[in-house]
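Let's take a walk through this protein, starting with its open spaces and then moving to what is packed inside. Keep the 3D view handy as you read.

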Amino acid sequence: MKTIAIIPARMGSSRFPGKPLAQLLGCTMLEHVYQRVAMSKSLDAAYIATCDEAIRQAATTFGAPVIMTSDNHERASDRIAEAAAHTDADLIVMVQGDEPMVLPSMIDAAVTPFHTDPELECVNLTRRIDNEADFRNPNTIKVVMDQQGNALYMTRQPIPTLAPGGFGATAAYKQVCIIPFTRTCLIEYSQLPPTPLEKLESIDMLRLLEHGRHVRMVETSHDTQAVDTEADLIRVAALMATDSLLAEYRKS
């Protein structure tokens with residue numbers, strides 16, 4: 001399968017306007033995401049999808065190919081569906097533009113199940129939540145799964161109900177925003193009407209779940225920190241300061 005990554009990015013974030021071009025350890029946050037994604041050996045190419053000329057110009061300076069899209073998309077998945085239509089890829093991996101700590105191996109892990117299960121349409125990475133603050137943070141998307149590892153529901157609220165032993169005794173998981181779609185699934189996603197819970201929670205994957213489709217969750221041991229606020233950016237800068245991967249792409 002021809003496999004590409006598309007990184008959706010826009011300047012108009014309500015919580016952090018201009019977020020993709022925020023400076024992080026000497027370059028924009030978007031450049032960190034692109035450089036790290038492009039290192040994945042599972043990918044044939046990586047692109048940035050945006051409606052903003054400022055992002056297109058910035059991406060050009062660090063060599064990222066850009067696909068311009070409409071400025072009417074409310075969901076990142078709809079933006080990459082439009083962008084993917086300009087490619088001939090069989091498998092499209094969405095990597096959010098606010099995930100500067102993404103690892104190439106995480107992309108590899110997310111796409112691997114498609115090579116053994118032809119029924120898969122969409123995969124999300126997931127990770128066990130290791131602190132209660134993250135569990136209660138509405139910026140962290142929580143997920144509960146069935147016995148086959150398919151998502152049952154995703155929400156910004158703290159789920160599941162805590163076990164009698166409290167948070168430490170509860171298996172709680174979060175969505176990690178590396179999301180491969182088959183081409184067919186992504187096209188169909190963009191044609192499905194938005195759903196009530198998708199709009200209520202502001203979570204893309206709920207559109208698939210509410211229309212009765214499956215989203216397979218694949219657990220990762222790697223932890224990342226998405227940047228939703230300026231405070232997150234400061235936290236990520238401290239976490240990445242000694243990152244060996246950072247040194248690797250800075251050399252090139």
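By class, the lining of the largest pocket is a mix: 15 nonpolar, 13 polar and 17 charged residues. Keep in mind that you're looking at a predicted model. That pocket holds about 1,200 Å³ of space. Its lining takes in 45 residues, and Arg-15, Lys-19, Gln-96, Asp-98 and Asp-228 sit closest to the pocket centre. Which helices and strands each supply at least two residues of the lining? They are strand 1, helix 3, helix 5 (132-136), strand 10 (173-176) and helix 9 (230-240).

Now for the packed parts. The largest nonpolar core is made of 31 residues, and Met-154, Phe-181, Leu-208 and Val-215 have the most contacts inside it. Plenty of elements chip in with at least two residues each: strand 1 (3-9), helix 3 (76-84), strand 6 (91-95), strand 9 (151-155), strand 11 (178-182), helix 6 (183-191) and helix 8 (205-210). Helix 3 gives the most, with five residues. Apart from this core lies another one, of 29 residues, including Leu-30, Tyr-34, Ala-59 and Val-102.

Try zooming in on Leu-208. Leaving aside neighbours within four places in sequence, Leu-208 touches Cys-122, Phe-181, Cys-185, Tyr-189, Leu-192, Arg-213 and Val-215.

Helix 6 deserves a look of its own. Its buried residues are Cys-185, Leu-186 and Tyr-189. Looking down the axis of helix 6, you'd find these buried residues within an arc of 100°, so they line one face of the helix. They pack against helix 3, strand 6, strand 11, helix 7 (196-201) and helix 8. And which exposed residues does helix 6 carry on the face turned away from its buried side? Those are Thr-184 and Gln-191.

Finally, check out some backbone oddities in the loops. The peptide bond from Ile-159 to Pro-160 is cis, with omega near 0°, and Pro-160 is found in the loop between strand 9 and strand 10. Leu-25 and Ser-202 are listed below. Leu-25 has a positive phi although it isn't a glycine, and Ser-202 also has a positive phi without being a glycine.

| Residue | Phi | Loop between | Relative accessible area |
|---|---|---|---|
| Leu-25 | about 50° | strand 2 (23-24) and strand 3 (27-28) | 27%, partly exposed |
| Ser-202 | near 55° | helix 7 and helix 8 | 36%, partly exposed |

Note on methods: Residues numbered from 1 in each chain as written. Predicted model: local features only at pLDDT ≥ 70, side-chain atom pairs only at ≥ 80, totals over all residues. Heavy atoms only, no water. Core = buried A, V, L, I, M, F, W, Y, C linked by side-chain atoms within 4.5 Å. Buried < 20%, exposed > 50% of the residue type's maximum accessible area, 1.4 Å probe, protein only. Helix = DSSP H or I, 4+ residues; strand = E, 2+ residues; numbered from the N terminus. Contact = heavy atoms within 4.5 Å. Arc of directions from axis to C-beta. 1 Å grid on protein atoms, 1.4 Å probe; cavity = no way out; pocket = protein on both sides within 12 Å on 5 of 7 lines; lining within 4 Å. Points joined across faces, edges and corners; volume = space filled by probe spheres on them. Nonpolar A, V, L, I, M, F, W, Y, C, P; charged D, E, K, R; others polar.
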